[in-house]
Amino acid sequence: MDSTRHWHYALVPPGTAAHSTNGLEVLGRGTCLGVPPPHYSEGPGAYWLLAPPNSEDMLCDPTAVRALLELGQPGRQEEP
């Protein structure tokens with residue numbers, strides 16, 4: 001989370017950028033992303049909402065991230 005810019009990042013497995021769709025911006029190979037120290041759990045600036053992953057098994061599922069983001073798209077209707 002970057003409290004200054006109000007951006008949220010989800011760390012996903014390598015190769016996810018090749019399957020990006022629906023306007024979801026995926027930062028791919030060669031991108032530099034500043035990562036806060038593991039003990040930063042609040043702002044100001046970048047911090048971890050959850051404990052940082054220590055293995056690939058702890059990365060976010062890209063399909064779940066995409067589904068979550070689609071819930072917030074304008075014009076989306078909730079199921080009754």
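How exposed is Cys-60, in terms of relative accessibility? At 32% relative accessibility, Cys-60 counts as partly exposed. This is a predicted model, and the protein in it has 80 residues, of which 11% count as buried. Its secondary structure comes to 1 helix and 0 strands. Here is a short tour, from the whole chain down to single residues.

**Overall picture**

- The one helix, H1, spans residues 62–71, and there are 0 strands to go with it.
- About 6600 Å² of the protein is exposed, and carbon and sulfur atoms supply 56% of that area.
- Take the contacts between residues at least 6 apart in sequence: 59% of them join residues at least 24 apart.

**The cysteines**

- Cys-32 is exposed, since its relative accessible area of 77% is over the 50% cut-off.
- Cys-60, at 32%, falls into the partly exposed class, because that class lies between 20% and 50%.
- The disulfide count for the model is 0.

**A nonpolar patch on the surface**

- Six residues make up this patch: Trp-7, Tyr-9, Leu-11, Leu-27, Leu-33 and Val-35.
- Together they offer about 540 Å² of accessible area.
- Tyr-9, one of the patch residues, sits in the segment before helix H1.
- Tyr-9 has a relative accessibility of 38%, so Tyr-9 counts as partly exposed.

**Around the cis peptide bond**

- Most peptide bonds are trans.
- Gly-43 and Pro-44, however, are joined by a cis peptide bond, with omega at about 10 degrees.
- Both partners belong to the segment before H1, as seen for Gly-43 and for Pro-44.
- Gly-43 is partly exposed, with 33% relative accessible area.
- Although Gly-43 and Ser-3 are 40 residues apart along the chain, their C-alpha atoms are separated by 6.0 Å.

**Gly-45 and the start of the chain**

- Gly-45 also lies in the segment before H1.
- Why does Gly-45 count as buried? Its relative accessible area is 18%, and buried means under 20%.
- Setting aside neighbours within four places in sequence, Gly-45 is in contact with Met-1, Asp-2, Ser-3 and Thr-4.
- For one of these, Ser-3, the C-alpha atom is 5.3 Å from that of Gly-45, while 42 residues separate the two along the chain.
- Ser-3 thus links two parts of this picture: there is a C-alpha separation of 6.0 Å to Gly-43 and of 5.3 Å to Gly-45.

**Pro-37 and Trp-48**

- Pro-37 is another residue of the segment before H1.
- Its relative accessible area is 31%, which means that Pro-37 is partly exposed.
- From Pro-37 to Trp-48 the C-alpha distance is 8.6 Å, with the two 11 residues apart in sequence.

Technical notes. Residues are numbered from 1 along each chain as its sequence is written. This is a predicted model: local features need pLDDT of at least 70, side-chain atom pairs count only at pLDDT 80 or more; totals for chains, interfaces and linings use all residues. Side-chain values use heavy atoms; hydrogens and water are left out. Helices (H or I, at least four residues) and strands (E, at least two) are DSSP runs, numbered from the N terminus. Buried means under 20% relative accessible area, exposed over 50%, partly exposed in between (1.4 Å probe, protein chains only). Contact means heavy atoms within 4.5 Å. Accessible areas come from the Shrake-Rupley method with a 1.4 Å probe; for residues, only the protein chains shown count as cover. Patches are made of residues with over 30% relative accessible area and no salt bridge: like charges are joined within 9 Å, nonpolar side chains (Val, Leu, Ile, Met, Phe, Trp, Tyr) within 5 Å. A salt bridge is a side-chain nitrogen of Lys or Arg within 4 Å of a carboxyl oxygen of Asp or Glu. A disulfide is a pair of cysteine sulfur atoms within 2.5 Å.
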